[in-house]
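Hi everyone, thanks for making time. I'd like to walk you through one structure today, going from the overall picture down to a couple of residues. Let me put it on the screen.

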Amino acid sequence: MNDVSTWMAERELLRLSKQGNAEAARGLMHLLIKPAHALAWRILRNQDAAEEVVQEAVFQLWRSAEQFEGQSSIRTYFNKIVMRECHAFIRHNRSHEDIDMLDSADEVMSDFQIDLRLHQEIIHQALESLSSKQRMALVLWAFHDMTAVDIGQVMELKKNAVDQLLWRAKNALREKLTER
């Protein structure tokens, strides 16, 4: 299926969902929820926060469905909502808990697992040091294989601005990781 027909099918799912068609709503949620949750988790690094953000994003999608003009895919539109909600969550909860902290009570871990978790923690801390916009752009690029154009649509930025944002984020991340 090409992009245009995919976008049309997604729009139809949204339209039918808004009319109360439960099967269309399930299909739309199946299409959107898992990738959105993965995106939110990678940005927030907290399961509960990611679920909360995605729930709010679904609510926002239903409320704004009439404004959706179909200039992008529904996934891009929904990711834009998720990103906005992640940004709001970060702004309001600067001190959210890190779920990747080592559990000191777990003495069964092998040396390799401990080393791996420490490396993940170092990377996570480096990501946390980035601005929320840099972190969001980097997550979309690195974990969701989005291009600068796609990221621009989600973050409502021009391609040049995304390129600069990614460049700064990569450099800042490189600096943080080489400090250690």
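Let's begin with burial across the chain: of the 180 residues in the protein, 40% are buried. Please keep in mind as we go that this is a predicted model. On the outside, the accessible surface comes to about 11000 Å², and carbon and sulfur atoms account for 52% of that.

Now the fold. The secondary structure consists of 8 helices and 0 strands, so to speak a short list for the slide. Reading from the N terminus, the order is α-α-α-α-α-α-α-α. And for those of you who like contact maps: among contacts with a separation of 6 or more, 65% join residues 24 or more positions apart.

Let's zoom in on a residue. His 37 sits in helix H2, which covers residues 22-44. Is His 37 buried or exposed? Its relative accessibility is 18%, and because the cut-off for buried is under 20%, His 37 counts as buried. Leaving aside residues up to four places away in sequence, His 37 touches Gln 47, Ala 50, Glu 51 and Val 54.

Hold on to Glu 51, as that residue comes back on the surface. Which residues gather there in a patch of negative charge? They are Asp 48, Glu 51, Glu 52 and Glu 56. Asp 48 belongs to helix H3, residues 47-64, and with a relative accessibility of 57% it counts as exposed. So Glu 51 appears twice in this story: as a contact of His 37, and as a member of the negative patch.

That's my tour, and I'm happy to take questions.

Definitions and conventions: Residues numbered from 1 in each chain as written. Predicted model: local features only at pLDDT ≥ 70, side-chain atom pairs only at ≥ 80, totals over all residues. Heavy atoms only, no water. Patch = residues over 30% accessible without salt bridge, like charges linked within 9 Å, V, L, I, M, F, W, Y side chains within 5 Å. Areas by Shrake-Rupley, 256 points an atom, 1.4 Å probe, with all protein chains shown as cover. Salt bridge = Lys/Arg side-chain N within 4 Å of Asp/Glu carboxyl O. Lys, Arg positive; Asp, Glu negative; His and termini not counted. Charge placed at Lys NZ, Arg CZ, Asp CG, Glu CD. Helix = DSSP H or I, 4+ residues; strand = E, 2+ residues; numbered from the N terminus. Buried < 20%, exposed > 50% of the residue type's maximum accessible area, 1.4 Å probe, protein only. Contact = heavy atoms within 4.5 Å.
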